Amino acid sequence: MTLIKPEVQSDPKAMIAEAERALADIAKIKAGIGTVIFGQESVIERTLVALLAGGHALLVGVPGLAKTKLVETLGTVLGLDERRIQFTPDLMPSDILGSEVMEQDDNGKRYFRYVKGPVFAQLLMADEINRASPRTQSALLQAMQEYHVTIAGERHDLPQPFHVLATQNPLEQEGTYPLPEAQLDRFLMQIDILYPELEAERRVLLETTGISEATAETIIDAERLRDMQQLIRRMPVPEGVVDAILTLVRSARPGADNEIAKKFISWGPGPRASQALMLCSRARALYDGRLAPSVDDVKALAEPVLQHRMALTFAARADGMNVRDVIANLTKAAL
């Protein structure tokens, strides 16, 4: 089996020791989250994978499924400076990025001072992101991609690491603005949150309706998270996994040599989807205690990585197909 090695070479023994340390930290992180968030193992895994891969995630689910609680808990457990923005139709770009205010010194001289907005956080929760206008949504786009903002022609770097976890309600669409495709593409994954299992919901009832509730504790800090993110980028990738990623992503584009793409796909994922699958496959491998990703990782991550980067044709909707069905069929055929 041929391995695609990263550019930065490292001592295998040192890398194994670093990976074992990371595995111990990840186990503590999962345990820390589990004291507050009950069930939802798949959601927790995918969200942590997105953060370990150094990206942003879009959390989609009906109200009351602990989306906000999950982000708050992650901020505490990972030791990140966490802030929340409640997106509303009247929210302005300056409410996110900050603005310049005029001040006057003791000598009467006036000058402008930049007051930073809530985007200057290491973990930003964009709550109900689709309720803000396109103008305000686009203000977040530069921050998500470039990790800095520009105010009055001056660049201001964001703190590192910087992650956006946005939430979206899939039910009520009145008074909302669909996210532009360019911004959706900046999210590493779209994570769908479903209703909890019976035993998990039972535990929620028992644990959250008493006098006191469990609270999360800090496990690592921002610098340790960045070290783990760099470790993931140094992990070798088997050539078969690279081929699987390319085959899957390219099969999901219009004009691909398969009947599914020709009939059901209006537009498909670009190279950024391949990059997301590569990083997330590495992160998932480390999350599971492995030093290299496998094709199974690509299969498991195909839906959350691709579903927000595709649009279906009218024929697909007329046949009752949804984007998850199309991705499942493509994955089965390609891999």
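This passage walks through the core, the helices, a cavity and a few unusual backbone spots in a predicted model.

The inside of the protein is a good place to start. The largest nonpolar core has 75 residues, and Ile 33, Leu 74, Met 310 and Val 326 are the ones that touch the most other members. Helix H11 gives this core its largest share, nine residues. Two domains pitch in as well: domain 1 (12-234) and domain 2 (236-334) both supply residues, so the core lies between them.

Helix H11 deserves a look of its own. H11 runs over residues 271-287, and 13 of its 17 residues are buried, so the rest of the structure largely encloses this helix. Its length also checks out. At 1.5 Å a residue, H11 should span 24 Å, and its end C-alpha atoms turn out to be 24 Å apart, which agrees. Just after H11 comes Gly 289, with a positive phi of about 90 degrees.

Helix H9 can be put through the same kind of check. H9 covers residues 239-251, and its 13 residues should span 18 Å at 1.5 Å a residue; the end C-alpha atoms are 18 Å apart, so expectation and model agree. Several residues of H9 are buried, namely Val 241, Val 242, Ala 244, Ile 245, Leu 248, Val 249 and Ser 251. A bit of helix geometry helps when reading such a list: an α-helix has 3.6 residues a turn, so residues three or four places apart point the same way.

Next comes the empty space. Rolling a probe the size of a water molecule over the atoms shows where such space is left. Searching the whole structure turns up one cavity of 30 Å³ or more, and its volume is about 40 Å³. Around this cavity sit Ile 37, Gln 40, Val 43, Ile 44, Leu 65, Ala 66, Leu 70 and Ile 193. Sorted by class, the lining has seven nonpolar residues, one polar residue and no charged ones.

Gln 40, one of the lining residues, shows up again when the backbone is examined. Most residues other than glycine have a negative phi, and most peptide bonds are trans. Gln 40 goes the other way, with a positive phi near 55 degrees. This residue sits in the loop between helix H1 (12-34) and helix H2 (41-52). Is Gln 40 buried or exposed? With a relative accessibility of 17%, Gln 40 falls under the 20% cut-off, so it counts as buried.

Glu 128 is another non-glycine residue with a positive phi, here about 50 degrees. Its place is the loop between strand E6 (123-127) and helix H5 (134-146). Glu 128 is partly exposed, at 23% relative accessible area. The peptide bonds have an oddity too: Gln 160 and Pro 161 are joined by a cis bond, with omega at about -5 degrees. Pro 161 belongs to the loop between strand E8 (154-157) and strand E9 (163-168).

Two more residues give a feel for distances. Gly 108 lies in the loop between strands E4 (98-104) and E5 (110-116), and its 38% relative accessibility makes it partly exposed. From Gly 108 to Ile 327 there are 219 residues in sequence and 64 Å in space, C-alpha to C-alpha. Ala 300, in helix H12 (residues 295-306), is partly exposed as well, at 25%. Ala 300 and Phe 38 are 262 residues apart in sequence, with 22 Å between their C-alpha atoms.

Methods
Residues are numbered from 1 along each chain as its sequence is written. This is a predicted model: local features need pLDDT of at least 70, side-chain atom pairs count only at pLDDT 80 or more; totals for chains, interfaces and linings use all residues. Side-chain values use heavy atoms; hydrogens and water are left out. On a 1 Å grid over the protein atoms alone, a cavity is a set of points where a 1.4 Å probe fits but cannot get out, and a pocket is an open set with protein on both sides within 12 Å along at least five of seven lines; lining residues have an atom within 4 Å of a point. Grid points are joined across faces, edges and corners, and a volume is the space filled by probe spheres set on the points. Ala, Val, Leu, Ile, Met, Phe, Trp, Tyr, Cys and Pro count as nonpolar, Asp, Glu, Lys and Arg as charged, and the others, Gly among them, as polar. Helices (H or I, at least four residues) and strands (E, at least two) are DSSP runs, numbered from the N terminus. The expected span of a helix is 1.5 Å times one less than its number of residues. Buried means under 20% relative accessible area, exposed over 50%, partly exposed in between (1.4 Å probe, protein chains only). A nonpolar core is a set of buried Ala, Val, Leu, Ile, Met, Phe, Trp, Tyr and Cys residues joined through side-chain atoms within 4.5 Å. Domain bounds come from an automatic or database domain assignment.
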